Amino acid sequence: MFIGTYDNSIDAKNRVIIPAKFREELGYKVVLTVGIDKCLYLYPYSEWERFAIKLSALPISDERARKFSRSFVANAEECEVDRQGRLTIPAKLRKIAGISKELTTVGYMDKIEIWSREEYKNFEDDSLMQGEQLAKGMLEYGI
């Protein structure tokens, strides 16, 4: 399980160093795609396969389901993490996530989120719950 938040940056060759704590579980063969918020999702290949099975089970006759699946799959890239723990982020995905130099990498259970640090700071300031909101969420979701 991926947990924690790390600040890092992208180098001149558009590579990001994956935090050491994530590398073993992530493995070398990975899939990078768009995320729900303005970030990228990085999946270990085995988790991507599980996610893809769920997507393929959606009804192809449902236009919304097709668009949903296509958003993830059409933007997905198979990538490799090199021996130094670096991953090259393709230009198309960097543009979608607004990534230029400074990054925030977030462990999010079965995947890793890669954010532009500026986007993550804006998201964090506006969206993360605290105190009473967390308590209400725990009650609402039965946690």
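# Exercises on salt bridges, strands and pockets

Glu 102 is partly exposed, with a relative accessible area of 36%; on this scale buried means under 20%, exposed over 50% and partly exposed in between (1.4 Å probe, protein chains only). The model is predicted, so local features need pLDDT of at least 70 and side-chain atom pairs pLDDT 80 or more, while totals for chains, interfaces and linings use all residues. Residues are numbered from 1 along each chain as its sequence is written, and side-chain values use heavy atoms, without hydrogens and water.

## Exercise 1

Find the salt-bridge partner of Glu 102 and place both residues in the chain.

*Solution.* Start with the cut-off: a salt bridge is a side-chain nitrogen of Lys or Arg within 4 Å of a carboxyl oxygen of Asp or Glu. Glu 102 meets the side chain of Arg 117 at 3.0 Å, N to O. This pair links distant parts of the chain, 15 residues apart, with Glu 102 in strand S7 (residues 102-108) and Arg 117 in helix H5 (residues 117-127). Helices (H or I, at least four residues) and strands (E, at least two) are DSSP runs, numbered from the N terminus. Now check the partner's exposure: Arg 117 is partly exposed at 26%. Finally, widen the view, and Asp 7 joins Glu 102 and Arg 117 in a network of salt bridges.

## Exercise 2

Work out how far apart along the helix the partners sit in the Glu 47–Arg 50 and Glu 63–Lys 67 salt bridges.

*Solution.* Take Glu 47 and Arg 50 to begin with: their salt bridge spans 2.9 Å, N to O. Both lie in helix H2 (residues 45-56), three residues apart, about one turn of the helix. Arg 50 is partly exposed, at 47% relative accessibility.

Next, Glu 63 and Lys 67 have their closest N and O atoms 3.3 Å apart. They belong to helix H3 (residues 63-74) and are four residues apart, again about one turn. Glu 63 is partly exposed at 45%, and Lys 67 is partly exposed at 48%. For the tally, the structure holds eight salt bridges.

## Exercise 3

Decide whether strand S8 is enclosed or open, and name the strands it pairs with.

*Solution.* Count the buried residues: six of the six in S8 (residues 111-116) are buried, so the strand is largely enclosed by the rest of the structure. Then split them by face: Lys 111, Glu 113 and Trp 115 lie on one side, with Ile 112, Ile 114 and Ser 116 on the other.

Now look for partners, where two strands pair if DSSP finds at least two bridges between them. Strand S4 (residues 40-44) runs antiparallel to S8 over three bridges, with Leu 42 bridged to Ile 112. S7 is also antiparallel to S8, over six bridges, and Tyr 108 stands opposite Lys 111. The S7–S8 hairpin has two residues between its strands, and there Met 109 takes a positive phi near 60 degrees.

## Exercise 4

List the residues that line the second largest pocket, and sort the lining by residue class.

*Solution.* On a 1 Å grid over the protein atoms alone, a pocket is an open set of points where a 1.4 Å probe fits, with protein on both sides within 12 Å along at least five of seven lines; lining residues have an atom within 4 Å of a point. The lining consists of Met 129, Leu 134, Gly 137, Met 138, Tyr 141 and Ile 143. Sorting gives five nonpolar, one polar and no charged residues. Here Ala, Val, Leu, Ile, Met, Phe, Trp, Tyr, Cys and Pro count as nonpolar, Asp, Glu, Lys and Arg as charged, and the others, Gly among them, as polar.
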